[in-house]
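Work through the exercises below with the sequence and the structure open beside you, and try each task before reading its solution.

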Amino acid sequence: MSILIHNALVVDGSGASPYRGWLLTDGPVIAAMGEGDPAPAVADSASERIDAAGAMLMPGAIDAHVHFREPGLTHKATIASESRAALLGGVTSYIDMPNTKPATVTCADWQAKMERAEATSAANYAFMMGATADNIGELRAADFSLMPAVKVFMGSSTGGMLLRDDTVLRRVFAEQPGRVVVHAEDQDIIDRLTARHRPALDPADISWHSRLRPAECCVAATERALEMAARYGTRLHVAHLTTAAECSLFDPAPSPCGKQYTAEVSPHHLIFTDADYPRLGTRIKMNPAVKTAADRAALRAALAEGRIDIVATDHAPHTTAEKQGDIFTAMSGAPMVQFSLPLMLELYPAAEVARRMAAAPAALYGIEGRGQLRPGYFADLVLVERRAEPHIITDTDVASPCGWTPATGLAVNHRVARTIVNGGCGPRPLRFTARG
């Protein structure tokens with residue numbers, strides 16, 4: 001099978017300016033591409049031709065932080081449902097987190113997820129294992145050619161994965177061979193603030209969620225993780241940064257290649273602030289919590305500077321019933337995988353979006369043959385059209401069975417018109433190299 005896409009505005013993920021051009025696939029890979037129009041012989045060789053009519057042709061986004069809820073939480077979502085929602089948003093590859101039921105903390109747990117994804121996923125897939133106080137042997141035995149990293153929860157989590165004790169944390173940083181990805185919130189600070197303020201606060205005032213999980217708790221945990229990574233030479237990635245102070249802890253660079261310490265930001269932290277609680281309530285209750293407008297501005301600048309390396313959604317579907325309640329009872333997390341690419345195109349030029357959502361995640365984790373449009377790379381492709389009129393996102397747009405999104409009410413000027421995984425040959429497990 002071969003596909004020719006022509007008359008496209010090619011955004012190849014390298015950071016170069018878009019150009020009018022074409023691309024030809026051969027089975028799962030990109031066979032050739034070029035500027036202008038393809039030669040007649042190239043056009044004649046294709047089994048399918050797509051006239052892009054000026055739409056942007058981009059590398060499929062790689063969402064390196066999702067919670068697809070399987071196994072054990074399938075009343076919220078499944079690998080099948082969320083991977084299909086991902087494709088609607090131009091995401092062709094994802095990395096799923098370990099806090100399911102059971103938590104993914106053994107090689108057998110991880111293998112079961114891989115087998116489930118092989119049977120049901122619509123997009124390319126990979127799964128992290130989580131660190132616990134007593135699973136270092138499992139982490140040492142993991143296959144890091146197929147597993148991107150070990151997840152460490154320094155803030156609230158489930159399945160025994162909350163790690164507070166320095167002795168345990170240092171052992172994870174020192175003894176397992178993979179990259180460490182941290183959820184950086186200091187649980188002791190959160191608990192102390194909660195105990196101090198709980199007698200007087202109004203639990204129905206959702207803004208208290210940010211006040212009980214302030215910048216202080218994020219900065220303290222990130223600094224602690226960086227200190228451990230420096231001591232043990234660990235490759236460290238800090239998930240979902242939320243504060244201006246954290247941004248200053250990371251060095252700017254156009255690419256994450258060669259960095260020992262990297263960071264990501266989620267779309268909701270680039271869009272929402274604590275001023276949005278009166279309008280959106282528990283829809284923007286998430287961990288880490290949204291912060292101030294000044295923090296949001298710093299995150300946006302840090303992504304442009306390369307202090308923050310990638311955009312990843314932290315896609316976390318809950319049922320509408322689970323999102324009801326107050327700061328203590330409503331679930332934290334929000335589904336965003338379907339809308340992240342169009343929303344980022346509202347904030348940054350297309351070349352920068354392709355770099356931070358495709359090329360940089362591939363470089364950071366060492367994902368083989370993905371993240372850019374280049375001959376020989378896998379043909380993970382997205383066609384994005386510019387709308388004649390802005391579209392206002394509503395809950396009725398949501399493909400995930402949760403049926404809601406915090407992006408409701410936001411206007412987008414772009415639409416994902418088509419997503420192609422491996423040249424139409426179907427999804428595969430992601431593979432990782434040592435350079436990641």
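**Exercise 1. Aromatic rings.** Determine whether Tyr94 and Phe127 are buried or exposed, and then describe how their rings are placed relative to each other.

*Solution.* Begin with accessibility, where buried means under 20% relative accessible area, exposed over 50%, and partly exposed in between, with a 1.4 Å probe and protein chains only. By this rule Tyr94 and Phe127 are both buried, and the relative accessible area of Phe127 is 0%.

Before going further, note that the model is predicted, so that local features need pLDDT of at least 70 and side-chain atom pairs count only at pLDDT 80 or more, while totals for chains, interfaces and linings use all residues. Residues are numbered from 1 along each chain as its sequence is written, and side-chain values use heavy atoms, with hydrogens and water left out.

Next, search for ring pairs, in which the centres of Phe, Tyr or Trp rings (for Trp, the six-membered ring) lie within 6.5 Å, with planes under 30 degrees apart counted as stacked, over 60 as edge-to-face and the rest as tilted. Across the whole structure there are three such aromatic pairs. Tyr94 and Phe127 make an edge-to-face pair, at 6.3 Å centre to centre and with 80 degrees between the planes. This pair links distant parts of the chain, since Tyr94 belongs to strand S7 (residues 91-96) and Phe127 to strand S8 (residues 124-127), 33 residues apart; helices (H or I, at least four residues) and strands (E, at least two) are DSSP runs, numbered from the N terminus.

Phe127 also forms a tilted pair with Tyr125, at 6.3 Å centre to centre and 45 degrees between the planes, and Tyr125 is buried with a relative accessible area of 4%. Finally, ring pairs join Phe68, Tyr94, Tyr125 and Phe127 into a cluster.

**Exercise 2. Salt bridges.** Find how many salt bridges there are, and set out where the partners Asp191 and Arg164 lie.

*Solution.* Apply the criterion that a side-chain nitrogen of Lys or Arg lies within 4 Å of a carboxyl oxygen of Asp or Glu. The count comes to 25 salt bridges.

For Asp191 and Arg164, the distance from N to O is 2.8 Å. Asp191 is in helix H6 (residues 187-197), whereas Arg164 is in the loop between S10 and helix H5 (166-175), and the two are 27 residues apart. Asp191 is partly exposed at 33% relative accessibility, and Arg164 is partly exposed at 37%.

Now take two pairs that each lie within a helix. Glu352 and Arg356, bridged at 3.1 Å, are four residues apart in helix H14 (residues 350-365), about one turn of the helix; Glu352 is buried at 12%, and Arg356 is buried at 2%. Glu227 and Arg231, bridged at 3.3 Å, are separated by about one helical turn because they are four residues apart in helix H8 (residues 215-232). Glu227 is partly exposed at 31%, while Arg231 is exposed at 52%. A network of salt bridges links Asp166, Arg170, Arg224, Glu227 and Arg231.

**Exercise 3. The open sheet.** Give the strand order of the open sheet of six strands, and identify which strands stand at its edges.

*Solution.* Two strands pair if DSSP finds at least two bridges between them. The order is S9-S10-S11-S12-S13-S14, with parallel pairing. Strand S9 (129-130) and strand S14 (310-311) stand at the edges, each with a single partner strand, so one side of each has no neighbour in the sheet. Further in, four bridges join the parallel strands S10 (residues 150-153) and S11 (residues 180-183), and Val152 has Val182 in S11 as its bridge partner.
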